[in-house]
Amino acid sequence: MADILVKLLEITIIIALLIPIAAMLVWVERRMIGIWQDRLGPNRVGPFGILQSLADLLKILGKEDWIPPFSDRIVFTIAPVIGAVCVLMSFAVIPFSPSIGVSDLNIGLLFFLAMASLSVYSVVLAGWASNSKYALLGSMRAAAQMVSYEVFMGLSVMGVVLLTGSFNLREIVLAQQNGWLIQTQFLGFIIFLIAGIAESHRLPFDLPEAETELTAGFHTEYSGLKFALFFLGEYLSVTLISAMSVVLFFGGWLMPEPLASWLPPLLWFILKILCFVMFFILLRTSLPRPRFDQLLSFGWKYMLPLALLNLLVTAAFKLGGVYG
Amino acid sequence: MGKFSKQSTVSAAFDMIFSQLRTMALVLKHTFTKADTVEYPEQKPYLAPRYRGRIVLTRDPDGEERCVACNLCAAACPVDCIALQQTVDDDGRKRADFFRINFSRCIFCGFCEEACPTYAIQLTPDIELAEYDRQNLVYEKEHLLINGVGKYHDYSFYRHSGIAVDINGERKAKGDAQQEKPPIDIKGLMP
Amino acid sequence: MSDDVSGKMQNNRVTVYIDDVPYQLSTDNNLLAGVLSNKLNLPYFCWHPSLGSVGACRQCAVTQYMDENDSRGRLVMSCMTPVVDGMRIGLTDKASAKFRQQVIAAMMTNHPHDCPVCAEGGECHLQDMTVMTGHSARQYRGEKRTFTNQYLGELVGHEMNRCITCYRCVRFYKDYAGGKDFDVFGSRNQVYFGRQKDGVLESAFSGNLVEVCPTGVFTNKLFSAHYTRKWDLQSAPSVCAHCSIGCNTSIGERYGSVRRVMNRYNHELNGYFLCDRGRFGIGFVNSMARIRTIKGVNSKVGEPSVGVFNEKSFAKAINEHSGESFIGIGSARASFEANRLLKCLVGKENFSLGYTNLEMQLALRHKQLLAQYPQQSLTGMEHRVHQGSEAKEHDLVVLIGENIAQTAPRLALTIKQVLRNSARDKADSIGVKHWQDSAVRTYAGNTTTPLFSLQAQQSEFDQQANGALILSVAQIITCIDCLTAMLQTEFNSHVVLPLKTLQSKTVASVNQGGSRQESITKDLSDQESKFTLLLASTLSQAKTPLIVTGLSLKSPQLLHAIDNLMSCLSQKSHGFAPELTVVAPECNSVGNLHFLNEHNLSIEQVIEYCSASYHENKIPRTSLLILEQDLAQLSAQQLQQLRQHCKTMIVLEHTNNQLTKMADIVLPVAAVSESNGHFVNYQGRLQRFSSAHIAVKPIMENWVWLGLLAKHLFTQQELNFASLTQLQLFFAKHGEAWALQVLTCQQQNRRVARQTHRASGRTAMTANQSVHENKTFLENSNSQEGLRYSMEGDDANSSHNMPYTWAPAWNSNQAIFQHQQEVNGVLNHQGNENLLNLSLSVFFDDTHEASVEDKLDKLWPCKVFKRDGELTIIQNIPWFLAEQQSHNLPEFVLMFAGNSIEISTEITRKNGYCTGDILKITINEQQMFAKVRVNKSLTKNVVLVSLFDLPMSINNLNITAKNISKATTEEVTVFQQVEGDRRKTAQQEKADILIRLKKQDQTVPITFFSDESKSGGNTNG
């Protein structure tokens, strides 16, 4: 009983921290983009504008939560919840530190992939329920994009599984005590990162919500709290992909000595995640959005063969005993 | 993708990747450059004298209204936000009886200034025009007219024009303008 | 006729190569006109389509080549070059282009830096030509010559510095319009155009200087005082309401007030010129005397406010009068449609035209004349040979009993050109073409076509006339009767008699006649018989005499005598085509003739009718519905009687007059500039006038008011129309020919824009009242009118009713050639001529003349007996006041020299008056004072009066000698005060009008724009 209570407390704490962090990311992103574009960025609310997200939250809560009369009300309401919940569920399998982590699922990696696949429902249903052209086009793109990129996302991490011999994320981290997997799985990492960006539909792969073409894509008709959920989902998934990258390729909370003793493992983990988040923001600032056909052909024609090649070479080396 | 046919696919792919990375590096470098923007209300940005902001009506060096209400600004205005009516005063000068600019529609294109033959209408580097009530964006002549010459210090239309007007309370009669000969005595017998 | 013209023209066409492209040019005109007729741009200044060429400005230079091998060519002035078959010229070659540019550059050396403050800017021919030649920057750094200006009166401003010495002004004013007080002075580059000294321009055509001058030397003072650019004007094609000629005008409006009138080219009528009454008289629509609110139903409706009309409360108030029986009084000032609708409302038995018995007879005689003798258009009189028509040009002009310079000035201008026919013929005989203006004048000198004038007062034609007599009306009639008799005798004998024998023979033959004719010869003085004989012999030798007469002397007998004369002349054998022109008193007088029949009530009968119903206490009581009528002919007593005996007096009027003061209900009616309809000119031509802007409520168009009255007062729903077209359709369905004619003419696929293409549909003109956008000038979707209150729709020139004249690169009115089929020709989109069918009514079925007279006298008895010693009052009011509406223009009042009376030496001697005395004159119980001038050429019983308060409708009136007496000293002071006050009031009103207009500029009612279809489709254009 006490175990369950402790677990519940842990879950609550993690969610209670994750959501503000995701919200803070909005401010971090705007501020960083500002700096990189030689602007100042939001700096008015609180010191350095740190409370900007709070202000945004208050504003968005104050907005009319409008459901278009032409929409499918129930689906319209459920869609954003699916998105946010799927991402939050994924965090259950992330090992934050040697002692922190909701669940040590044996199939943790598969669970993550499953949740990522489920989140496409959020986008498709939102687009469908909105009953509007932009939203539908956005969700069609999202569906195609997710389906395409999931394929090699799964394949790219198979190298990691091959080398560590486990789907359990905590074991994967522990397997990297002698060296991070980035050394051997560099190609796998790149492919995973690209697929991850596409999964969280961030720039330059934000075609489902391409503002210049589709107004706001699948969430064109959304406002108020429901829109906030989509927003939250996006930033959570940024954090999630970062966390997964760290866990799979950068040794999770592990650090080589003597660095490891300087900070507690959790902070190392968070620091690594932050670096990835910054990288995501930098991508958004610097790269233009490709055309949709370019996106798909890039996925199927280059990424998928590369992922297969990576798996093949890893398997061959493994068999050949290169990794010992 | 036409690039690929010319170069080898691999080197093209590397070019592409390098290009993206270079872009990111360039952007990253800007972490250390100073922001171009300023914290606006506390810190005023520099606006050049020829910045196209709030429109004013200026006066000539003698302190008289420059505007002769010729209607050219209104004709040039692409959004038709200027309305005016000419009137002739006892001193011979033509002035605007009313001169109205609807700033809620003005696009600050500066065509009016370009069209103005007397340098009367000028755009100034003042951009703080916001109002809570749109109606307050309709400026009448008393709001537009300033006590100064604006960007052009010496020009006085009526010193060039051939019509007779009062300048500084004195009559500028025929032949008194710049580059004018005294009026011809038509009853004179000289050939 | 236009077919004939073009057919004939085809024969005169030859091929001319312009820049190696073959064009068809007419040999009837010069090369410049030919080039312009092909819509090619060639700059010019001194040439004018109507004034001809003098070759003064050197602007229209082109290069003429010998043949196709000649690459050098030589410069020629195209306006001075006749068109020759196969000639080759260059417009775009470097030499001539450079030359033209240098000519402009030379003109610009002295042109002041005035464009921004010049009223011509934006429609300046000089600006256009400067741009066209490419002279873009002034190279000359020397000093400019200057001139002092002159005061030329209240109408035309003078800014001599701007002159480019094209001589057009003096050629128009002096040579074309016959003005004597304007000329050119000085030499070389000190040439001055003006008067000998400051003073009011005397000519009635001075306003044309504004349009004739290629730049801003002459400006419209009224327009300049409340100025706006041409591109900002919202214009509409209109018809002048100031006389019966019906000149086409273009009315320009801005900020809800009428700004000016410009000439609108009409090939048949005014051509390029208007008279000043038409050009400046439009100011009456802005006068302080305009009625702008409803009067009489106020107490029930509540305070009237401008811009608002509440139909419900109006209906409630007006409904109280629905039990009364109404007599409708129409007018010759109101549109044809409004009169027709009024007649329809009250029924033909209850309809009056507002004419007295005398005027009814006069109108019938008028109709009789019109039915028999088709009236020619002004162009028809003026350009007969040159337009290639079969008819020969007039070789004799006879003016009888109508001072056209006073009643129809534009006609007088045409007559002046007709008089030049023989000069042109003379020049033509030595090969000088008609367009060689200067050469024709030099060679032919003072040669004029014979002119005879038989008038009741002096006119400007007297000096030019081969014979001119000033007689009383009775004497004029006698003379004409005698003339008829002489001609009759001559035609019967088929021999041309020498003058001497003719005289004796005529007298003899007349003596053989009845006693009536005996009396005629008795009355003929020596002078008169000499004149008559001379006229008779000239007439008998003339081929196409033109006889001009009119109704202003109010004498049915005169018209009857003319009828006899014409029928006598018409008997003459083939090749003799006498023509008659009858000047009607007002703009729609001829239209009213259409309604004329035996049922019409004269105004005396209306009074009787009212009195009868009053005294017999009849129920329902008789009430009056008066449409734009002032009944100025009535005496004060008659008016009083009319007022007391009618139950309710409803007046529809645009300007205050004696009737609006006494009316129970006054409904403000839109003036000509704000309303739509047709006027019928002296020829019977139905001409459409359109509103330049929507009238500000509660002012509404007359037919809209009548429609509302039909709905609420007469409860005839079917007579309430949403648009004028519906009204016309209604009458067309009832088989009225005029409505069908009008409708066919109006058919148009797209509607024409009233605004220039510079307008955008957005405006800041009402932003001071509300920053929110107005829906631009409302367009009633079901309105079928041909014009829109916006810049949307077709170009102005796509219909024959052009709102304004403009063509690319031609911003001035000179652009008109771009819209003519050829220079001086008909417009590209010339519509059909709508001539009203004025068939003879039942009266004249009977050929027996005596019975007609009896019938007339029985229906509308008006025996005028002239007793011995009675004096005849003849109107001598100047042209600018010779029409009631123009009295409301302060500038015209200021031009008025003061009341004056001209009397003959006999009266002077008898009563001891002398020039400068002040006399008291009592006319229709109204006392007036006037300064005496002794006029030696007057017959003894005639007095010429020029009295401000005497309406033009009172003329040829007999008064007893007692009614004229010397004023007492107190009365003299009163007179002087009245005269002074009139000027002061006019000055004050002039200022007040300007203040009011300026206020209105900033308070353009928003209802002016917004859709108010709720309040009963009466807002459409």
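Chain A and chain B bury about 1,400 Å² between them, with carbon and sulfur atoms giving 63% of it. Three residues, Trp36(A), Asp38(A) and Arg44(A), supply 38% of the area that chain A buries against chain B, more than any other three residues. The size of an interface is often given as the accessible area lost when the parts come together. The model in which this interface appears is a predicted one.

The contact can also be described by its residues. Chain A brings 13 residues to it and chain B brings 17 residues. Across the interface of chain A and chain B there are eight residue pairs in polar contact. On the side of chain A that touches chain B, helix H1 (2–36) and helix H11 (265–286) of chain A each supply at least two residues. The largest share of that side comes from H11(A), with five residues. Sorted by class, the side of chain A that touches chain B has seven nonpolar, three polar and three charged residues.

Side chains of opposite charge can pair when their charged atoms come close. Between chain A and chain B the count is two salt bridges. One of them is formed by Glu42(B) and Arg44(A), whose closest N and O atoms are 2.8 Å apart. Arg44(A) was named above for another reason, as one of the three residues that together supply 38% of the area chain A buries against chain B.

What of the third chain? Chain A and chain C have no contact, and their closest C-alpha atoms lie 27 Å apart. Two pairs of chains touch, and the one with the most contacts is the pair of chains B and C. Chain B therefore needs to be looked at from its other partner as well. In that interface, 50 residues of chain C are in contact with 46 residues of chain B. The area buried between chain C and chain B is about 4,000 Å², of which 49% is on carbon and sulfur atoms. Val117(C), Thr146(C) and Val771(C) lose the most area to chain B within chain C, together 16% of what that side buries.

The polar side of this interface can be followed in a similar way. The count between chain C and chain B is 27 residue pairs in polar contact. Strand S6 (144–146) and helix H33 (969–1002) of chain C are the elements that give two or more residues to the side of chain C that touches chain B. By class, that side of chain C divides into 13 nonpolar, 20 polar and 17 charged residues. Two salt bridges are counted between chain C and chain B. In one of these, the side chains of Arg758(C) and Asp80(B) meet with N and O 3.1 Å apart.

Salt bridges also occur inside a chain. Over all chains, a search of the whole structure finds 52 of them. One joins Glu674(C) to Arg290(C), with the closest N and O atoms 3.0 Å apart. This pair links distant parts of the chain, 384 residues apart. Glu674(C) is in the loop between strand S23 (665–668) and strand S24 (677–680) of chain C, while Arg290(C) is in the loop between helix H8 (276–280) and helix H9 (298–301) of chain C.

The next topic is the enclosed space. How many cavities of 30 Å³ or more does the structure hold? There are 18 of them, and the largest has a volume of about 550 Å³. Of the 36 residues that line the largest cavity, Glu359(C), Lys554(C), Pro585(C), Glu586(C) and Ser953(C) are the closest to its centre. Helix H12 (357–372) and helix H23 (589–593) of chain C each supply at least two residues of the lining. H12(C) gives the most to it, with four residues. By class, the lining of the largest cavity has 16 nonpolar, eleven polar and nine charged residues.

Two details of the backbone of chain C remain. The peptide bond from Lys697(C) to Pro698(C) is cis, with omega near 0°. Pro698(C) is found in the loop between strand S25 (686–689) and helix H27 (702–712) of chain C. The other detail concerns Tyr167(C), which has a positive phi of about 70° although it is not a glycine. Tyr167(C) is placed in the loop between strand S7 (156–158) and helix H5 (168–176) of chain C.

Note on methods
Residues are numbered from 1 along each chain as its sequence is written. Chains are lettered from A and ligands numbered from 1 in the order in which they are written. This is a predicted model: local features need pLDDT of at least 70, side-chain atom pairs count only at pLDDT 80 or more; totals for chains, interfaces and linings use all residues. Side-chain values use heavy atoms; hydrogens and water are left out. Contact means heavy atoms within 4.5 Å. Buried area is the accessible area (1.4 Å probe) that two parts lose on being put together, summed over both. A salt bridge is a side-chain nitrogen of Lys or Arg within 4 Å of a carboxyl oxygen of Asp or Glu. A polar contact is a pair of N or O atoms within 3.5 Å; within protein, one must be able to donate a hydrogen and the other to accept it, and residues adjacent in sequence count only if both atoms are side-chain atoms. Ala, Val, Leu, Ile, Met, Phe, Trp, Tyr, Cys and Pro count as nonpolar, Asp, Glu, Lys and Arg as charged, and the others, Gly among them, as polar. On a 1 Å grid over the protein atoms alone, a cavity is a set of points where a 1.4 Å probe fits but cannot get out, and a pocket is an open set with protein on both sides within 12 Å along at least five of seven lines; lining residues have an atom within 4 Å of a point. Grid points are joined across faces, edges and corners, and a volume is the space filled by probe spheres set on the points.
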